[in-house]
Amino acid sequence: MGGEELKFIHDAFESNYIAPLGPQVDAFEREFAERVGIPYTVALSSGTAAMHLALKSLGVGPGDEVFASTLTFIGSVSPIIFQSASPVFIDADRSTWNMDPNLLADELKLSSTKGNLPKAVIPTDLYGQCADYDQIQKICDSYNIPIIIDAAESLGARYKNRSAGLAGRASIFSFNGNKIITTSGGGMLASNNKELIDYARKLSQQARENLICYEHTEIGYNYRMSNILAGIGRGQLRVLNERVKRKRYIFEYYKNSLGNVSGIEFMPEASYGKSNRWLTVILIIPQKFGVDSEFVRLALEIENIESRPVWKPMHLQPVFKGCRCIGGIVAEDLFSRGLCLPSGTAMSESDLNRIVNVILNCKQ
Ligand SMILES: Cc1ncc(COP(=O)(O)O)c(C=O)c1O
């Protein structure tokens, strides 16, 4: 925590708004909108809920296809299934690890000739690095397909001179416990389009009509963020810049310590932006390092240090068996050789040094 969270929680108690709405929620939405530069926002119970409402607000439904990054976390794409639509996965670009714009362009061209264009495209900003927003926008604009940016991992990063998430028709953010800032669990849907956010807000409150009696003309969800958690979010927003600085420092520390080791490569930073380095991710090339990433993970685990493989690509997930994937080799390769290193901003230099030494000791 950053320090001011308890003050806002105290305000929530004082006002007795212990509810999934209230002044903290309103203020969090406003302050978040100002920070990111997207005018309309709705605070929700999770990033997954935000993605679900984004898809529903764009009218995604049964029989539709939605194109999405294959190298992502399942919360990015499970809402496509909630809407009884079908995901089509797009491989990653090796230079950014994000959705490959060329593959996207080729597949859209093909879909267009078949008269079967997707209803939306979801590029994920992987591990804190923005997808190539302008390129993807240009491609999608020629077919008039809306983009939902999955910025769950990239809050605080930059794309050219803009904030992460400031692109497409809407973007989603996550405040899950592991994210760069957290509300323990929570999410935000943001858009330049007021109608989209108004409708998502209504859906998040059981689609209750604006009448004094409880009237419903469609089915909604209970997806609102609690007033208490929004208080945590307000405190966290105030330390976002510091968090990004520290995350980038942690990346640099690892890079300075391991960057020259044969068989270790670091996730590249795209020339168009500045990653928040949410997680420091390395590739271990067994032919050069002597052992593979799983060996290193287990060596860290013995020392009670948690590391994780890169996200298992969605097209390899049993639950998505039978779904189409355009390409896939890059994501599979990053999955098989990638390792997410401990990246918590509370780690000390001696923690980092200990991790580095365990990794160096694995080299053969
Ligand atoms: C890329 C990505 N998309 C979506 C989500 C879903 O967010 P949440 O856990 O808040 O539902 C997460 C993280 O959890 C994520 O990393």
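A nonpolar core is a set of buried Ala, Val, Leu, Ile, Met, Phe, Trp, Tyr and Cys residues joined through side-chain atoms within 4.5 Å. Buried means under 20% relative accessible area, exposed over 50%, and partly exposed in between, with a 1.4 Å probe and protein chains only.

The model is predicted: local features need pLDDT of at least 70, side-chain atom pairs count only at pLDDT 80 or more, and totals for chains, interfaces and linings use all residues. Residues are numbered from 1 along each chain as its sequence is written, and side-chain values use heavy atoms, with hydrogens and water left out.

**Exercise 1. Find the residues that touch the most other members of the largest nonpolar core.**

Solution. The largest core has 58 residues. L104 and Y127 touch the most other members. A second, separate core holds 32 residues, among them A49, A68, I197 and L203.

**Exercise 2. Place strand β2 among its partners β3 and β4.**

Solution. Helices (H or I, at least four residues) and strands (E, at least two) are DSSP runs, numbered from the N terminus. Two strands pair if DSSP finds at least two bridges between them.
- Start with β2, residues 65-69: five of its five residues are buried.
- Take β3, residues 86-90: its pairing with β2 is parallel, over five bridges. E65 has S86 as its bridge partner in β3.
- Take β4, residues 120-122: its pairing with β2 is parallel, over three bridges. A68 has I122 as its bridge partner in β4.

**Exercise 3. Explain where the buried residues of helix α6 sit around the axis.**

Solution. In α6 (residues 133-141), Y133, I136, I139 and C140 are buried. They cover an arc of only 135 degrees around the axis, so they lie on the same side of α6. The arc is that of the directions from the helix axis to the C-beta atoms. The cover over these buried residues includes α5 (101-113), β4, β5 (148-150), β6 (158-159) and β7 (162-163).

**Exercise 4. Work out which strands are the edges of the open three-stranded sheet.**

Solution. The order is β7-β6-β11, with antiparallel pairing. β7 and β11 (273-274) each have a single partner strand, so they stand at the edges, and one side of each lacks a neighbour in the sheet. Two bridges join β6 to β7. Y159 stands opposite R162 in β7.

**Exercise 5. List polar atoms that lie close to the ligand's oxygen and nitrogen atoms.**

Solution. A polar backbone atom of G47 is 2.8 Å from a ligand oxygen. D150 places a polar side-chain atom 2.7 Å from a ligand nitrogen. S174 places a polar side-chain atom 2.7 Å from a ligand oxygen.

How values were computed:
Contact means heavy atoms within 4.5 Å. A polar contact is a pair of N or O atoms within 3.5 Å; within protein, one must be able to donate a hydrogen and the other to accept it, and residues adjacent in sequence count only if both atoms are side-chain atoms.
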